[in-house]
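Let's take a friendly walk through this structure together. Have the sequence and the 3D view open as you read.

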Amino acid sequence: MNKESTAVDLAQQAAAGDNFTAAYDIERIRADFPILKQKVYGKPLVYLDNGASAQKPRQVLDAMNEAYETYYSNVHRGVHWTSQTSTEAFEGSRKKVAAFLNAVSENEIIFTRGATEAINLVAASWGGANLNPGDEVILSHMEHHSNIVPWQILRQQKGIELKIVPIDDDGNFLFDEYQKMLSEKTKMVAVTHVSNALGTIVPVVDVIRLAHDKGALVLLDGCQAVPHMAVDVQALDADFYVFSGHKLYGPTAIGVLWGREDLLNAMPPYQSGGDMISSVTFEKTTFKKSPHRFEAGTPAITEAIGLGAAIDYVGAVGLGSISAHEQGVLQYASERLQAVEGLRIIGQAREKASIISFVIDGIHAHDLGTFVDRAGVAVRVGHHCAQPVMERYGIAATARASFGLYNTREEVDVLTDALIQAKEFFG
Amino acid sequence: MFDELRDLYQEVILDHGKSPRNFRTLENATCLAHGNNPICGDMLVVYLTLDDDRRLADVAFQGQGCAISVASASMMTEILKGKTRDEAKRLYKGFHDMCTKDGFDVSELGDFDEDAIDRLKMLSGVREFPIRVKCATLAWHTMQAAVDGEENISTE
């Protein structure tokens, strides 16, 4: 392990009340992310595609390397030292996730391959066991495809109905419409916490309260929320919460399903095999309780350990500080981008996370993406796996800048200048 | 930074992208096909009128897309007008190879007019931008589907 002082150390000192005055030491934070030193086409990388996947701090890379280099083995199986050490680290990460979400117990934390698998798990397992023809599932118009398609498949299989909460022109979740949709038939409300395409923060506390009044459960897609704000599943009173590791500065191939323990233990297994059974005979198999019931086969061990390190990192910097920093960058970018003639921001909800989708008159998003790439700027262009959102605004694609904890106002300037040049170039 | 971008976005391409030619529906089309690129949401319809000699008497398109895909479609309509069905398919194959293979021997298309080959070369600047190859080939892929009688194609 590198012993030089890092942002995490400093943030830990700050949390401990040491004499630490710099409010948010962006340079220290940036130094933790090796890739930010990379040049692309001879220009410093300006990475503004955090909504698709975030970069990894050295602490995450080190934790994963350390696992592989010093104690790696399969988990939950071996009597040997490496297996015990790996199991401790793996289960330690589960505890970190539980604390991160303020879950009641780590038994409520299921490691999945990502948020997509987590939603599929709930739809197939809970939905398969509990939904009947005529039951209704409510989604919002802002959902990522991963929170649409699993429910559509369930609709085919079970004859359920899907209701879609509309959004207004600014991308606000239309709460009154939601309220009208709720009925005794509503069994599940599956909505995003923060829209990946628009940045809208959905008023989930009220969404959950009203759903519960009708006896419905609520699943929140927290992929775009957890990197930007503290999430407390107990305070929210949610039933299921999902997120992916790689958008939280952790590795890919690891995600989280949090669910209330009583719900999880009443759900049938999703996949089956080793590590999820209590006993197997050819006559009968009994299943373990959550979380192991839902973790068939060898899990993504090192990835879970990396996710634990990412949570430590984010926790040490502090989600409050991260949020304040990112909101500053978002505010700056929203104003600064107005300097680009013909630029229109898609999604101006009252409450937003640090995501800006935009279009520029006369220039297709794809051409913009290619152009700014040559200035070293990475933005996402396309429909962001949220085609219904694009359809809602009558556009094929947007460019999207999504800011993370390491982005700066100077980077917003680089983006803005590149866009102004693009406007001149494409005319 | 502008130099490499200029190789991709040559003036002619920007012009076709902004003011596409033959950008209309063909009421009397004998074949048509829909093309879409799910990555970027580009959608095109290519219309063809084949005459009795199996020549492309008229070629047109409609839809939306980036500068590259619209320019490629527009230039394609001009290149293909008057060509036979088989010539059109050979040009597509040649163009596709130009966009994806290093050292493509242009003389393989030596029997075609120089203007057509120059335009294909210009569009094949996408070779340096691999993610954009599908933008340049979408219209051509769709054209081939139209002459082969497939109605819906996707670049995926």
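A good place to begin is a link between the two chains: A:Asp367 forms a salt bridge with B:Arg132, and their closest N and O atoms are 2.8 Å apart. Between chain B and chain A, the count is 2 salt bridges. The contact draws 23 residues from chain B and 16 residues from chain A. Together the chains bury about 1,700 Å², with 64% of that area on carbon and sulfur atoms.

Please keep in mind that this is a predicted model. Its scores are ipTM 0.89 and pTM 0.92. For chain B, the mean pLDDT is 91, and 95% of the residues reach 70 or more. As a reading tip, predicted coordinates should not be read in detail where pLDDT is low.

Now turn to the helices of chain A. Two residues there are set out below.

| Residue | Helix of chain A | Relative accessible area |
|---|---|---|
| A:Ser93 | helix 4 (residues 81–101) | 2% |
| A:Ile311 | helix 11 (residues 301–317) | 7% |

Are these two residues buried or exposed? Buried means under 20% relative accessible area, so A:Ser93 at 2% counts as buried, and A:Ile311 at 7% is buried too.

What does each of them touch, leaving aside residues up to four places away in sequence? A:Ser93 is in contact with A:Phe111, A:Ala304, A:Ile305 and A:Gly308. A:Ile311, for its part, touches A:Lys96, A:Val97, A:Phe100 and A:Leu248. You can also find A:Val226 from A:Ile311: the two are 85 residues apart along the chain, and their C-alpha atoms are separated by 9.9 Å.

Aromatic rings are the next stop. Over all chains, the count comes to 17 aromatic pairs. One of them joins A:Phe33 and A:Tyr406: the ring centres are 4.7 Å apart and the planes stand at 70°, so this pair is edge-to-face. The pair links distant parts of the chain, with the two positions 373 residues apart in numbering. A:Phe33 sits in the loop between helix 2 (26–31) and strand 1 (39–40) of chain A, while A:Tyr406 is in the loop between strand 17 (398–402) and helix 15 (409–426) of chain A. Both A:Phe33 and A:Tyr406 are buried. They belong to one aromatic cluster that also includes A:Tyr249 and A:Tyr313.

One more ring is worth a look, that of A:Tyr393. The charged end of A:Arg392 sits over this ring, 5.3 Å from its centre.

Conventions
Residues are numbered from 1 along each chain as its sequence is written. Chains are lettered from A and ligands numbered from 1 in the order in which they are written. This is a predicted model: local features need pLDDT of at least 70, side-chain atom pairs count only at pLDDT 80 or more; totals for chains, interfaces and linings use all residues. Side-chain values use heavy atoms; hydrogens and water are left out. Helices (H or I, at least four residues) and strands (E, at least two) are DSSP runs, numbered from the N terminus. Buried means under 20% relative accessible area, exposed over 50%, partly exposed in between (1.4 Å probe, protein chains only). Contact means heavy atoms within 4.5 Å. pLDDT is the predictor's confidence in each residue, from 0 to 100. Rings of Phe, Tyr and Trp (its six-membered ring) pair if their centres lie within 6.5 Å; planes under 30 degrees apart count as stacked, over 60 as edge-to-face and the rest as tilted. A charge sits over a ring if NZ of Lys or CZ of Arg is within 6 Å of the ring centre and within 35 degrees of the ring normal. Buried area is the accessible area (1.4 Å probe) that two parts lose on being put together, summed over both. A salt bridge is a side-chain nitrogen of Lys or Arg within 4 Å of a carboxyl oxygen of Asp or Glu.
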